[in-house]
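This short report covers strand pairing and turns. The sequence and the structure are shown first.

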Amino acid sequence: MKKILLVFTAFFSVLLFTSCNPEIDHPIAGNVYVNFGKEMSVYIYFHLNGEFEIDFMEKTILGEYKHNKYDHMEWKIDGNKIRVYHDNSTYWKADVRGTLQYEGTYNSLDNTIILDGQLYEHSHKWD
């Protein structure tokens, strides 16, 4: 009986953890967008599971690139309105968890995103 209970517990645990992050069905899901700048380019990642990353690539004096990548965020979309929030992990201070970080819109005609006033063009598929 204990073995059966253990098997059911393991099965439902796997089911619970795999069903917590369903894939988002939207054209930006699983894609990366970029805002190219002269001294810095910014890449934004819209993962299929709702996670969001932003990567600031700054050109150094030596001509190399320095990455400042931030994750622990999640994105949500309603129609073409995008909202990016701090996730609820302990990475953030308690008063910041779940709060809005960025807002923007998706333009399906040219596959671009405006996020906090900055224009991002489609770069490539990611997930």
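Which residue in E8 is the bridge partner of Thr112? The partner is Glu121. The model in which this pair is found is predicted.

## The barrel

The strands close into a barrel, and there are 8 of them. Their order is E1-E2-E3-E4-E5-E6-E7-E8, with antiparallel pairing. On average, neighbouring strands of this sheet are turned by 35° against each other, direction ignored.

Strands of a sheet pair through backbone hydrogen bonds, in either a parallel or an antiparallel arrangement.

## Where E1 meets E8

Strand E1 covers residues 31–35, and strand E8 covers residues 118–125. The two run antiparallel and are joined by 4 bridges. One residue pair in this contact is Tyr33 with His122, the latter lying in E8.

## E6, E7 and their hairpin

E6 spans residues 100–107 and E7 spans residues 112–115. These strands are antiparallel, with 4 bridges between them. Asn107 has Thr112 of E7 as its bridge partner.

E6 and E7 form a hairpin with 4 residues between the strands. In this hairpin, Asn111 takes a positive phi near 55°.

## E7, E8 and their hairpin

E7 also pairs with E8 in the antiparallel sense, over 4 bridges. Thr112 therefore appears in two pairs under the DSSP bridge assignment: with Asn107 and with Glu121 of E8.

The hairpin of E7 and E8 has 2 residues between the strands. Asp116 lies in the turn and has a positive phi of about 50°.

Conventions
Residues numbered from 1 in each chain as written. Predicted model: local features only at pLDDT ≥ 70, side-chain atom pairs only at ≥ 80, totals over all residues. Heavy atoms only, no water. Axes fitted to C-alpha atoms, helices over the stretch in contact; angles between N-to-C directions.
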